[in-house]
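User: Please take a close look at one part of this protein for me. I want to know about its main pocket and what surrounds that pocket.

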Amino acid sequence: MYAAALTPLIASLTDLTNWSQCWYADDSACAAKLPKLREWFEHLCKLGPAYGYYPEPQKTVVVVDEVDEAEANACFSDSGVKVVRGQCYLGGFIGDPEGTKHYVEAKPRTKLTNSTYFCHITACCKGKSFANNSSQFFANSNWSYARTLIKGYESA
């Protein structure tokens, strides 16, 4: 319901000539040249509270290529926004190849942690086979989803 209430805010930020935005519930993202990205973020901070949306700069990241990092740091220096070269986003990873590789290599450990969590559930459940099957399904689904989002790892 909250996401639907943000529709007027999203519409007021729509500017197809300067940026492209993507929203998933109350998570927003924008792709643009750095000065326009800063402009979008300022509009979001200014207009958001009227719609009950309060951007948190300290939780906000700008993902850039290495060549744009200095410009991005200068552009967002007084905003509280963190400039990075890679970031997890909606189950995938956006950023440099090294960060992507690290993210993908960490996924099996995540699967192991999730499996361990479900094993604890199994120990407490009478339907042990159900909990075990759920654990395996969850881990496999999680990995399958993530690898479809990451270029170069679609068939891993």
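**The largest pocket and its surroundings**

Analyst: In this predicted model, 35 residues line the largest pocket. Nearest its centre lie Ser 28, Ala 29, Cys 30, Thr 60 and Val 61. Five elements each give two or more residues to this lining: strands S1 (20-24), S2 (27-31), S3 (61-63) and S5 (86-89), and helix H3 (34-47). H3 gives the largest share, six residues. The pocket's volume is about 1,000 Å³. As for chemistry, the lining has 23 nonpolar residues, five polar ones and seven charged ones.

Here is the setting. The protein has six helices and six strands. From the N terminus on, the order is α-α-β-β-α-β-α-β-β-β-α-α. Of the 156 residues in the protein, 26% are buried.

Now take H3, the element with the largest share of the pocket lining. H3 has 14 residues. At 1.5 Å a residue, they should span 20 Å. The end C-alpha atoms of H3 are 20 Å apart, so the expected span and the model agree.

Which residues of H3 are buried? They are Leu 34, Leu 37, Arg 38, Trp 40, Phe 41 and Leu 44. Arg 38, a charged residue by class, is in that buried set. Looking down the axis of H3, the buried residues fall within an arc of 160°. They therefore line one face of the helix. Pro 35 and Lys 46 are exposed on the other side of H3. Cys 45 of H3 (34-47) is partly exposed, because its relative accessibility is 28%, which lies between the 20% and 50% cut-offs.

Two buried residues of H3 also have partners far along the chain to compare with. Start with Leu 44. Its C-alpha atom is separated by 9.3 Å from that of Ser 12, and the two are 32 residues apart along the chain. Ser 12 is found in helix H2 (residues 7-12). Ser 12 counts as partly exposed, because its relative accessibility is 40%, whereas Leu 44 is buried.

Then take Leu 34. Leu 34 and Ala 74 are 40 residues apart in sequence, and their C-alpha atoms are 9.9 Å apart in space. Ala 74 is found in helix H4 (residues 69-75). Ala 74 counts as exposed, because its relative accessibility is 56% and the cut-off is over 50%. Leu 34, in contrast, is buried.

Next come strands S1 and S2, which also give residues to the lining. The loop between S1 and S2 holds Ala 25. What is the phi of Ala 25? It is positive, about 55°, although Ala 25 is not a glycine. Ala 25 is also partly exposed, because its relative accessibility is 41%.

Finally, the cysteines. Cys 30 is one of the residues nearest the pocket centre. Cys 22 is partly exposed, because its relative accessible area is 40%. Cys 45 is partly exposed too, at 28%. How many disulfides does a search of the whole structure find? The search finds zero.

To sum up, the pocket lining draws on four strands and H3, with 23 nonpolar residues in it. The buried residues of H3 line one face of that helix, and Pro 35 and Lys 46 are exposed on the other side.

Notes
Residues numbered from 1 in each chain as written. Predicted model: local features only at pLDDT ≥ 70, side-chain atom pairs only at ≥ 80, totals over all residues. Heavy atoms only, no water. 1 Å grid on protein atoms, 1.4 Å probe; cavity = no way out; pocket = protein on both sides within 12 Å on 5 of 7 lines; lining within 4 Å. Points joined across faces, edges and corners; volume = space filled by probe spheres on them. Disulfide = S-S within 2.5 Å. Buried < 20%, exposed > 50% of the residue type's maximum accessible area, 1.4 Å probe, protein only. Expected span 1.5 Å × (residues − 1). Arc of directions from axis to C-beta.
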